[in-house]
Structures are given as structure tokens and as C-alpha cells.
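Student: I have a model open and want to check some labels on its charged residues. Can we go through them?

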Amino acid sequence: MSDQYKTLWDEQIETLPSDRLQETIEQPRLLERLRWAFERSPFWRDKFLRAGLSLRDVKNGFPITALPFTEKDELLQDQIQHPPYGWLCSVPMTDILRVHRTSGTTARPLFIVLTALDVQHTLEAGARAFWCAGVRPDDTVVHCLNYCLWSGGLTDHLSLEKTGATVIPFGVGNSRFLLETMLQLKPTAISCTPTYLNTLAELLDKEFQRKPRELGLRKGLFGGEPGLQNPGTRTVLENTWGIEAVDANYGMSDVLSIFGSECRERNGLHFHGQGIVWSELIHPDTGESIPIRSGAVGELVLTTLLREGQPLFRLRTHDIAKIVGADGCRCGRSGFRFLILGRSDNMITVKGVNVFPDALHDIFFRYPEQLTGEYRMVLKHEGPYDLLDVQVEARASCADRERETLKHEMEGIVRRTLSVRIEIEWVGERTFPRGEGKTSRLVRAFRSQP
Ligand SMILES: [Zn+2]
């Protein structure tokens with residue numbers, strides 16, 4: 001069978017049951033990586049010694065849960081104290097092949113160093129993910145993520161290439177030039193954030209008097225925003241563009257640029273880091289381990305098993321995941337499938353109910369004639385909250401009377417489907433900036449008490 005028709009990227013590891021995978025591959029790699037870090041990184045040696053662990057414990061072997069958790073802030077502090085890469089860095093400068101930087105959600109981003117082997121493993125997981133999402137050698141993909149330091153640009157580009165597809169390195173911005181290029185080269189797929197397609201549709205209409213379907217795209221590979229898991233959002237994108245919209249790009253630049261994507265079953269994101277990253281689920285408040293089985297909800301905690309440059313052990317991601325399947329999928333892959341519900345620090349509790357701002361996306365997307373689909377959840381004071389204020393962009397053509405009816409209707413839908421009360425405030429079209437990267441839908445409009 002030629003590569004083009006195979007259904008799995010790496011059948012051996014993708015079909016291995018998770019208990020066999022952990023026992024035969026992941027546990028030995030964990031011990032090997034711990035030895036590596038103990039011997040080469042003062043950061044990890046100090047952290048492990050402080051937790052009462054010694055190299056002898058590692059030699060005797062022990063469960064991953066015996067290791068302390070790691071917060072991203074510890075890594076940042078280490079790089080601030082020992083610039084530029086910190087004592088976390090476990091290889092000499094000559095072994096560093098590439099440097100990335102995390103996107104700036106925190107005051108100071110983290111530098112990520114990769115050796116040649118680290119790059120290879122990162123691309124391996126990326127290729128599994130894109131292959132699973134349906135990218136094939138006969139595709140031409142225009143890649144529209146940021147290439148400036150961020151791993152989503154160059155690294156994901158190389159993962160796309162590894163599937164055999166043709167890749168056009170576009171990056172972000174220059175949207176008019178992008179559309180010109182797409183009209184000339186007729187790519188079969190676009191890789192970007194889902195909201196960027198709205199920007200492109202508006203521009204295509206205004207500057208080229210063309211409809212999205214005229215571009216001839218067949219696939220949309222999306223990442224960076226969780227909106228695609230809302231069926232309404234996906235249907236609007238698919239109908240507008242005539243594409244198959246796939247959630248194809250979930251990852252973290254400090255762990256693996258991509259390790260989650262959907263298969264054709266569209267039943268959650270397959271985990272693609274088998275043998276490269278060990279994933280655990282924990283209770284975000286207590287740190288207690290939660291078994292990975294269907295229906296489980298918890299924070300993802302990740303450990304790199306092969307990373308040379310910057311090994312990471314039990315990194316708390318603060319992403320809350322729901323496991324939607326932990327046994328075989330109809331596509332043949334045996335790993336677990338998950339959905340990201342939101343960030344634990346974006347989780348708002350309203351009268352005991354946990355809500356993420358992105359959960360409202362599907363509801364506002366049901367009214368494309370009246371609404372742009374853009375909104376912000378605005379916290380006007382510190383919690384606790386009885387009600388959430390939401391600013392929603394209405395189209396200029398949406399009249400006052402229509403807005404009044406819509407407001408009641410949507411507030412009712414949210415109350416029934418999410419069990420929380422919201423208060424909608426209308427704002428004009430294009431009030432919110434159009435993102436080419438990640439869009440945050442939560443605004444804290446108050447000054448925190450020191
Ligand atoms: Zn599957």
C-alpha cells in the first residue's frame with residue numbers, strides 16, 4: 001500500500017493499547033529521562049532533591065506520581081535568574097538546533113530550546129496529527145500561523161511537509177496578498193485560526209467581490225481557538241467555504257507543538273504524543289490524580305519522555321480536558337480522545353456552575369444575519385458571580401426591535417443549556433479587534449485588590 005492510502009501514520013504505536021504503551025515504552029523512557037535531567041540540569045536536580053528524591057530512587061524505579069508538579073512560572077523564574085535558557089537547559093549550546101518562544105500570555109515568555117532529536121520527535125507527533133486530520137501528499141496547504149519565534153509557524157509548517165503535502169509558508173497579516181496568492185495557487189487546504197476565516201471572508205467580498213467557495217478550498221485545518229468544537233461554528237464555516245473543517249492543531253510550544261487532532265469520526269481530539277509525552281489528568285484544586293477514562297474531566301499534566309534540550313516533568317498546563325473516549329476509535333487508533341473545555345484560570349464559577357467564555361460561542365454563531373459572532377465576557381468585579389455580563393457585536397443592519405427580541409431569546413438559551421444567567425449588552429459591528437492569532441473572550445474590567 002502506498003503512503004497515500006495508508007490510514008495511520010505509525011500503525012505500531014498508534015494502535016498499541018495504552019496500558020501496554022505505558023508499561024513497555026513510556027515507563028522505561030521516563031526513568032531514562034529522569035536520569036538525564038538529574039545528571040545534566042541543576043534546575044531539575046535541585047527540584048527533585050528538595051522533593052526528597054535521589055538518583056538511587058530513579059535507578060530503583062518509581063511511579064510518575066512520586067514526582068512533584070512543575071508550574072510554568074518556575075521555568076520562567078529559572079530563565080530570568082540564569083539567562084538566557086536557564087538551568088533547565090540540559091545540553092551544551094552546541095547541541096541546540098533551534099530556539100522558539102512561547103506566545104506572550106504571561107508578562108515574560110519562555111524560551112524553548114530544541115536539539116536535532118527534539119525537532120525530530122516534535123515533527124513526528126505533528127505529522128501523526130495532520131495525517132489523522134486528513135492531510136495527504138496530494139494536498140497543497142497554505143499555512144497562516146505566526147512564523148516569528150512562535151512554534152506554530154515554522155514547526156507546524158515542517159510537520160505539514162512531513163506528511164508529504166505541499167506547504168505554502170504564508171504566516172500572519174497581509175491578508176489581501178494572501179487572497180491574491182490563494183486565487184493564483186488554488187491551495188486545497190488552509191491552516192489558521194477559525195476566526196481568521198471570518199476576516200478573510202469579509203475582505204474577499206469587499207476587495208475582490210468573490211464568495212469564499214470560489215477559492216476552491218477543500219479542507220480547513222484549525223487550531224489556536226477552541227470554537228470549532230461548537231457544532232454551529234463548524235457548520236457555518238463548512239457551508240460558507242465549502243470545506244471540511246477539522247480541529248487539527250492542539251498543542252503547546254514548550255511540550256509538543258501539536259499533539260491533538262480529530263480523525264474523520266469527529267469524536268474529540270486524538271492524543272498523538274504516544275511514547276513522546278506522558279499525559280495525566282488531575283483535579284485542578286487538589287492535584288489528585290484522575291484516571292483517564294471516558295467522561296473524566298481534569299487538568300492536563302504533561303511529561304516529556306524524550307526531550308533533550310529542556311526536559312519537563314509533570315508540567316501543569318492549566319488546560320481543562322474532558323476525556324471523550326479512552327479505548328479504540330473506529331479509525332483504528334487506540335489512544336484516548338479529549339476535548340479542551342478551557343483554561344482553569346478562565347473558568348468562572350456562577351452559582352456553583354463552571355463556565356468557560358468559549359462555551360457561548362455556539363449560541364451567538366446561530367445568528368449570522370444579525371450578529372458578527374464576536375463577543376466578550378466582561379467581569380466587572382471580583383467573584384462570586386450570580387450573573388455574567390456579555391458584550392455582543394450586532395450587525396449595523398440589526399434593528400433595535402430585533403435586538404430586543406434576540407436578547408431575550410439568547411439569554412433564555414444560555415440559561416437552559418448552560419444553567420447560568422447572562423445579561424447581554426449590545427455593541428456595534430467591529431468593536432472588538434479581529435484576531436489573527438488567539439482571541440481571548442474574557443475581559444477583567446476591574447482592578448484586583450493587592
Ligand atoms: Zn479516530
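Tutor: We take salt bridges, then exposure, then a surface patch. Keep in mind that this is a predicted model.

Student: What makes Lys 72 and Asp 254 a salt bridge?

Tutor: Their side chains meet at 3.1 Å, N to O. The rule asks for a Lys or Arg nitrogen within 4 Å of an Asp or Glu carboxyl oxygen. So the pair qualifies.

Student: Which parts does that pair tie together?

Tutor: Lys 72 lies in helix α5, and Asp 254 in the loop between β7 and β8, so the bridge links parts 182 residues apart in sequence.

Student: Why is Asp 254 called buried?

Tutor: Its relative accessibility is 2%. Buried means under 20%, so the label fits.

Student: And why is Lys 72 called partly exposed?

Tutor: Lys 72 has a relative accessible area of 31%. That falls between the 20% and 50% cut-offs, so "partly exposed" is right.

Student: What makes Arg 176 and Glu 207 a salt bridge?

Tutor: Their N to O distance is 2.5 Å. The limit is 4 Å, so the pair counts. Arg 176 is in helix α8 and Glu 207 in helix α9, so two helices are tied together.

Student: How many salt bridges does the rule give?

Tutor: The count comes to 26.

Student: Why is Lys 351 called exposed?

Tutor: Lys 351 has a relative accessible area of 64%. Exposed means over 50%, so Lys 351 passes. Its place is the loop between β15 and β16.

Student: Which residues gather with Lys 351 in a patch of positive charge?

Tutor: Arg 415, Arg 416 and Arg 421 join Lys 351 there, on the surface.

Terms used. Residues numbered from 1 in each chain as written. Predicted model: local features only at pLDDT ≥ 70, side-chain atom pairs only at ≥ 80, totals over all residues. Heavy atoms only, no water. Patch = residues over 30% accessible without salt bridge, like charges linked within 9 Å, V, L, I, M, F, W, Y side chains within 5 Å. Areas by Shrake-Rupley, 256 points an atom, 1.4 Å probe, with all protein chains shown as cover. Lys, Arg positive; Asp, Glu negative; His and termini not counted. Charge placed at Lys NZ, Arg CZ, Asp CG, Glu CD. Helix = DSSP H or I, 4+ residues; strand = E, 2+ residues; numbered from the N terminus. Buried < 20%, exposed > 50% of the residue type's maximum accessible area, 1.4 Å probe, protein only.
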